[in-house]
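Me: I am new to this structure and would like a close look at one part of it, the salt bridges, with a word on the aromatic pairs afterwards. Could you go through them slowly and say which residues are buried and which are exposed?

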Amino acid sequence: MLLVHPVTEAVKFLPVLLVSLVIGTQSGNHMWGLIALAVIVLFALQRWFTTTYRIGPVHIELKTGLFQRKLLSIPRTRVRSVDVEAPLMHRVLGLSVVRIGTGTGRGDEKFELNALDAALVPGLRAALLTKPEAAEPDSAPPATVGLDKAGLDIAHFSPSWVRYAPFSSTGVVAVLATVGLAFQYGLGRQLVESAAVSGFVDSTAHFGVVVAVGAAAILLLVVASVLACVRYLLAYGGLRVVDDGRVLHVSHGLLKTRQTSLDRARLRGSTLMQPLLVRLAGGARLDAIMTGVSAEKRESSLVLPPAPVAEARRVMADLIGDSIQSSVELTPHGPAAVRRRFTRALLPVLAVLAGLAIAQVAGVHIAWFVWSLAGVLSVAATGVAWDRQRGLGHAVLPGWLVTQSGSLDRRRNCVQSAGIIGWTVRQSFFQRRAGVATIVAATPAGQGHYDVLDLPAEDAWALIEAVQPGAGDIWARR
C-alpha cells in the first residue's frame with residue numbers, strides 16, 4: 001500500500017501536478033511542483049496507517065479515515081458478490097483489489113480492500129461467500145472453492161471472438177477521448193500542424209471535400225477498430241467461466257486481471273444483449289441477473305463478452321439450467337405496438353422534412369446534400385422501426401418471464417418469476433389512445449425492473465396472472 005497508493009493518487013491528480021509544474025516553471029520557483037507532489041504522497045500514505053478490516057462471524061467491518069473516521073459494518077448475509085481485480089502494478093507486487101458487493105447501491109457503503117496480499121484472496125473469497133451460520137467464529141477460513149479448484153468449465157475465451165470488437169463503440173470513444181485530452185493539454189495545435197496531418201490534408205485536398213471526409217472517416221474506423229481489438233484482448237483475454245454448483249466464478253484480463261464470484265443462490269435470470277452492429281455480425285453478450293448486483297450501476301454481472309450468439313445461448317442455458325428461454329418464440333404485441341414503433345421513429349424525421357420544405361417554399365436555398373441526408377435519415381428511421389417491431393415480444397414459461405425489445409440495443413431478459421416482488425401496469429396518454437400498456441416487473445435483481453412494452457391493455461393483468469398466479473387475479477376479473 002505504501003507504494004501503490006502514492007502512485008495511483010499521483011496519476012489521479014496528474015492535472016494538478018501539471019498545473020503546479022507550469023506555475024513553478026513560469027515563476028522560477030520549482031518548489032510548487034514538489035510541494036504538490038509531497039501533499040499527494042502524504043495523503044496517499046495515510047491510508048496505510050488508518051485502514052483496517054475485520055471479517056467476523058456475523059459482520060464484516062472496514063475502518064478508514066484520518067480526519068474523519070468511518071467504521072463500515074455490514075452483515076455477512078448481505079454479501080452478494082466478491083470482485084477481485086489485479087492491475088499490472090498490483091500483479092507485479094503480488095497484490096489484489098477486493099470489492100465486496102452488498103446490494104445497497106450506496107457510494108458511502110463501498111467495501112473495498114485495495115492492495116491486499118493476493119495469497120489471502122482465495123480463502124477470503126470463500127469465507128465471504130459462505131453463509132454465516134455455517135461458519136465458526138474461531139475456525140480457519142473454509143477450503144478455497146474457486147478458479148483453482150474443481151468445477152464445471154462452462155465457457156472459455158476464444159481468439160476468434162476478437163472479430164466482434166470493431167462492432168462496438170469502444171474504439172471510437174478511445175480515439176475521441178485521446179483527441180480531447182490532446183487538445184485539453186495544449187497538444188491539439190501541434191497535432192494539427194504536424195507533418196503527418198498536413199501531408200494527409202494536402203494529398204486529399206485535390207480530390208474534393210467529399211473524398212477528404214470519406215478518407216478521414218475510413219482512417220478513423222481503421223484506428224478505432226485496431227484500438228477496440230487491443231482493448232478487447234486486454235480486457236477479456238484468458239476468460240474462464242467456472243461453475244462449482246454453489247458459486248459462479250468469472251475471470252478475465254491479460255494485464256489487469258479481474259475475478260468475480262457470484263452466489264448462484266442469488267441468481268434470478270440472465271440478459272442476452274445484442275447491440276445492432278454486434279447482432280449484424282452474429283454476436284451477443286451475456287449478463288447475469290443477480291439479487292443485489294445492480295446492472296444500472298455497472299456492477300459485476302458480466303458472464304460472457306461479445307461472442308458468437310450460439311455460444312452465448314449455450315452458456316445462458318448452462319447458467320439458468322434451461323435452454324428454452326434463449327430460443328423460445330415470442331408472442332407479438334399486435335398492430336398497435338407496431339404502429340407506435342413506426343410513428344415514434346418517423347415523426348422526428350417528418351418534422352425535419354416539413355421544416356426544410358417550409359424553408360424551401362419561403363425562399364431559403366437548401367443544398368442538395370441536406371435533402372440527401374434527410375432522405376438517408378428517413379430510410380434509417382424506417383429500418384430501425386421495422387427492426388424494433390420485429391424484435392418486440394414476450395413469452396411466459398413455467399417459472400419464467402421472457403421479454404425482448406430494442407433495436408440499437410436489443411435485450412432479451414429471462415427473469416425468474418420467483419424473483420419478481422411487484423407489478424405495475426403503466427399507461428401514458430398516447431398509450432391510452434392506442435389501447436396498449438407497459439407491464440413493469442419489479443425485482444431486487446439486475447436493473448431493478450424489467451418491462452413488457454406496449455402490450456394490449458386488456459391482456460396486461462392476464463399476463464401477470466400467468467407469470468405469478470394470484471398476483472393479478474382481482475384486476476384480471478375487473
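Reply: A residue is called buried if its relative accessible area is under 20%, exposed if over 50%, and partly exposed in between (1.4 Å probe, protein chains only). The model is predicted, so local features need pLDDT of at least 70 and side-chain atom pairs count only at pLDDT 80 or more, while totals for chains, interfaces and linings use all residues. Residues are numbered from 1 along each chain as its sequence is written, and side-chain values use heavy atoms, with hydrogens and water left out.

Across the whole structure, a search finds 18 salt bridges (a side-chain nitrogen of Lys or Arg within 4 Å of a carboxyl oxygen of Asp or Glu). One of them joins Arg 258 to Glu 85, and the closest N and O atoms of these two residues are 3.4 Å apart. This pair links distant parts of the chain, since Glu 85 belongs to strand β4 (residues 81-86) and Arg 258 to strand β10 (residues 257-263), with the two positions 173 residues apart. Strands and helices here are DSSP runs numbered from the N terminus, a strand (E) having at least two residues and a helix (H or I) at least four.

The two partners of this bridge fall into separate accessibility classes: Glu 85, with a relative accessibility of 8%, counts as buried, whereas Arg 258, with a relative accessible area of 26%, is partly exposed. Nor does the pair stand by itself, for Glu 85 and Arg 258 belong to a network of salt bridges that also takes in Asp 83, Arg 99, Glu 112 and Lys 256.

Another bridge is formed within a single helix, where the side chains of Glu 311 and Arg 314 meet with 2.6 Å from N to O. Both residues lie in helix α11 (residues 309-320), and they are three residues apart, which is about one turn of the helix. Of this pair, Arg 314 has a relative accessibility of 36% and therefore counts as partly exposed.

A further bridge brings together the side chains of Asp 409 and Arg 411, at 3.5 Å from N to O. Here Arg 411 is partly exposed, with a relative accessible area of 28%, and Asp 409, at 37% relative accessibility, counts as partly exposed too.

Now to the aromatic rings. The structure holds six aromatic pairs, where rings of Phe, Tyr and Trp (its six-membered ring) pair if their centres lie within 6.5 Å, and planes under 30 degrees apart count as stacked, over 60 as edge-to-face and the rest as tilted. Among them is the pair of Trp 368 and Phe 369, which is edge-to-face, with 6.1 Å from centre to centre and 90° between the planes; Trp 368 and Phe 369 are both exposed.

Why is the pair of Phe 429 and Phe 430 described as edge-to-face? The centres of the two rings are 5.3 Å apart and their planes stand at 85°, so the pair receives that name. Within it, Phe 429 has a relative accessible area of 48% and is partly exposed, while Phe 430, at 60% relative accessibility, counts as exposed. Elsewhere, Phe 157, Trp 161, Tyr 232 and Tyr 236 form one aromatic cluster.
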